[in-house]
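Colleague: Please take one part of this model and go through it closely, strand by strand and then outward to what surrounds it. A plain account will do.

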Amino acid sequence: MAVEGRLSAPIPLGALRPPRNPISRALLDKVLGRIIAAAGLVFGLQALPGMIGQVDSMQLAWAWVIGLAMFGGFFALVVASLVQRGVTTVEAFVAIAYLIALVTWPLAVDDPSEVQSSVPWLWYLCTVATASAASAFSTWIATGYLFVAPAVYGFIRLTPSGGAVSPQRATLDSVYAILLGGAVLILVVILRQAAANVDQAQATAVARYSEAIREHATELERVQVDAIVHDSVLTTFIQAARAWSPDERELSTNMARNAMSHLSAAASTTPFDESDTTIADMVDRIEAAVADLGVEVELRRGPIEGDGIPSTAAEALYSAAVQALVNSSQHAGDGPGVERWVRVTRDQAGLTTVEVGDTGKGFEPTTVPTERLGVRVSIHERLNNAGGLATIDSAPGRGTLVRLRWPVDALLDGGRTPDRSADPTDAAGASGGTA
């Protein structure tokens, strides 16, 4: 009968890294800056012929200063949006320079009394200026700019230097500019509010995830302590109470040494230890534990494809294997036909397997009382918390095989679907009995 613990993958440490967001305030500002820069180039090219055609009727100094300020601002905005430096400053400069150009337009015309025959070239840049103000300034300032700039332009259109158009035409131009700029402002405000909500939600999620990590670490420490108490301390006490012969006393002494070693290792290991070790080192530790166990165990080293493994996984595999060996030594029997073995392999898919088996008495896992801690804490939970899987195949009279595999991902990716036929409340003593 194949028996396995609940499959419970650990919280990955890689998840602590900040995720890439579909929207955030920083990303929005980046995209918005590049859009305004592109619009500045397009509308600037549209206004350039009008500027060249009107320069003869303007004061030359003003034409050069305003022209360089506006078109230089657009070029600087393109550069700033690409390098992501000083975008807001350049946008504010463009908005202010445009407003100054509007206010000084009547003073810049050589003969203000002469009616201009064409639309002032600044008209083509009104939307870019209001968009720059919406991005660079606060909502209230940008809203004020949205009404002030078109209103100044409408007033200029009423003067001879602006074309001396009718009030209806000037009002229409101003309203059109307000509506277009208002749409841009509303879009910017809505997107920024959405981005701020996303950022706040992410911060809340990260805080909750950190709390979950701490709770998970506490749970891992509890399982580790429970496993050590059962594997080492209680088992040692039980063996010592039953030790009458010299061999049994020697076994109790060796188990006490192992218990002290487990406690020392637990004090220096954290649940999220990211250091690595090798499978060869883990096998050497299992071999040393076998030598101190007091029973004959055959250690079989199978093929190992790349022997790097996280320390937490190696510790879980080692501790679970030693617990299975201890249970086997206590409950499988000592008859001449009883054999015990440990086999360690690792395939090309990265699946590490430790098999602990014997040909002893065997047992029926589903009949073990639920209050026993053996397999549930010492083997199943230990492997689950490390991202592995433990299965037990045993029946009365035909021995026991405990199979420890890590990681679960390699097990599933390789097409080896684990047997989920039974999930015992606790098969409390792998390898032949109760623990």
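Modeller: Strands S5 and S6 run antiparallel and are joined by seven bridges. The model is a predicted one, and this pairing is a convenient place to start. One of the bridges pairs arginine 346 with threonine 352 in S6. Five residues separate the two strands of this hairpin, and glycine 350 has a positive phi near 90° there.

On its other pairing, S6 is joined to strand S8 (residues 400–406), again by seven bridges and again antiparallel. Glycine 357 has leucine 401 as its bridge partner in S8.

The burial of S6 fits into this picture. Strand S6 covers residues 352–358, and seven of its seven residues are buried, so the strand is largely enclosed by the rest of the structure. Both of its faces are covered. One side carries Thr352, Val354, Val356 and Asp358, the other Thr353, Glu355 and Gly357, and all of these are buried. The cut-off behind that word is a relative accessible area under 20%.

Just outside the strands, the surroundings can be followed through two C-alpha distances. Glycine 337 sits in the loop between helix H9 (311–331) and strand S5 (340–346). Glycine 337 is exposed, because its relative accessibility is 56% and the threshold for that class is over 50%. Between glycine 337 and threonine 359 there are 7.4 Å in space, C-alpha to C-alpha, against a sequence separation of 22 residues.

The second distance leads to helix H8, which spans residues 279–291 and includes isoleucine 279. The C-alpha atoms of isoleucine 279 and threonine 345 are 9.0 Å apart, although 66 residues separate the two in sequence. Isoleucine 279 has a relative accessible area of 0%, so it is buried.

Helix H8 also takes part in salt bridges. Arginine 285 and glutamate 315 meet through their side chains at 2.9 Å, N to O. Because arginine 285 belongs to helix H8 and glutamate 315 to helix H9, this pair ties together parts that are 30 residues apart in sequence. The two partners are covered to unlike degrees: glutamate 315 is buried at 19% relative accessibility, while arginine 285 is partly exposed at 34%.

Another salt bridge of H8 joins glutamate 287 to arginine 301, with the closest N and O atoms 3.1 Å apart. Here the link runs from helix H8 to strand S3 (residues 298–304), across 14 residues of sequence. Glutamate 287 is partly exposed, with 39% relative accessibility, and arginine 301 is partly exposed as well, at 47%.

These pairs belong to a total of nine salt bridges in the structure. Among the others is the one between the side chains of aspartate 29 and arginine 192, at 3.5 Å, N to O. That pair links helix H1 (residues 25–54), where aspartate 29 lies, to helix H6 (residues 167–242), which holds arginine 192, and the two residues are 163 apart. Aspartate 29 is partly exposed at 29% relative accessibility, whereas arginine 192 is buried at 14%. Elsewhere, Arg157, Arg169 and Asp173 are linked in a network of salt bridges.

For contrast with the enclosed strand, there is a nonpolar patch on the surface. Phe75, Val79, Leu82 and Val83 make up this patch of about 400 Å². Valine 83 belongs to helix H2 (residues 60–83) and is partly exposed, with a relative accessible area of 46%.

Definitions and conventions: Residues are numbered from 1 along each chain as its sequence is written. This is a predicted model: local features need pLDDT of at least 70, side-chain atom pairs count only at pLDDT 80 or more; totals for chains, interfaces and linings use all residues. Side-chain values use heavy atoms; hydrogens and water are left out. Patches are made of residues with over 30% relative accessible area and no salt bridge: like charges are joined within 9 Å, nonpolar side chains (Val, Leu, Ile, Met, Phe, Trp, Tyr) within 5 Å. Accessible areas come from the Shrake-Rupley method with a 1.4 Å probe; for residues, only the protein chains shown count as cover. A salt bridge is a side-chain nitrogen of Lys or Arg within 4 Å of a carboxyl oxygen of Asp or Glu. Helices (H or I, at least four residues) and strands (E, at least two) are DSSP runs, numbered from the N terminus. Buried means under 20% relative accessible area, exposed over 50%, partly exposed in between (1.4 Å probe, protein chains only). Two strands pair if DSSP finds at least two bridges between them.
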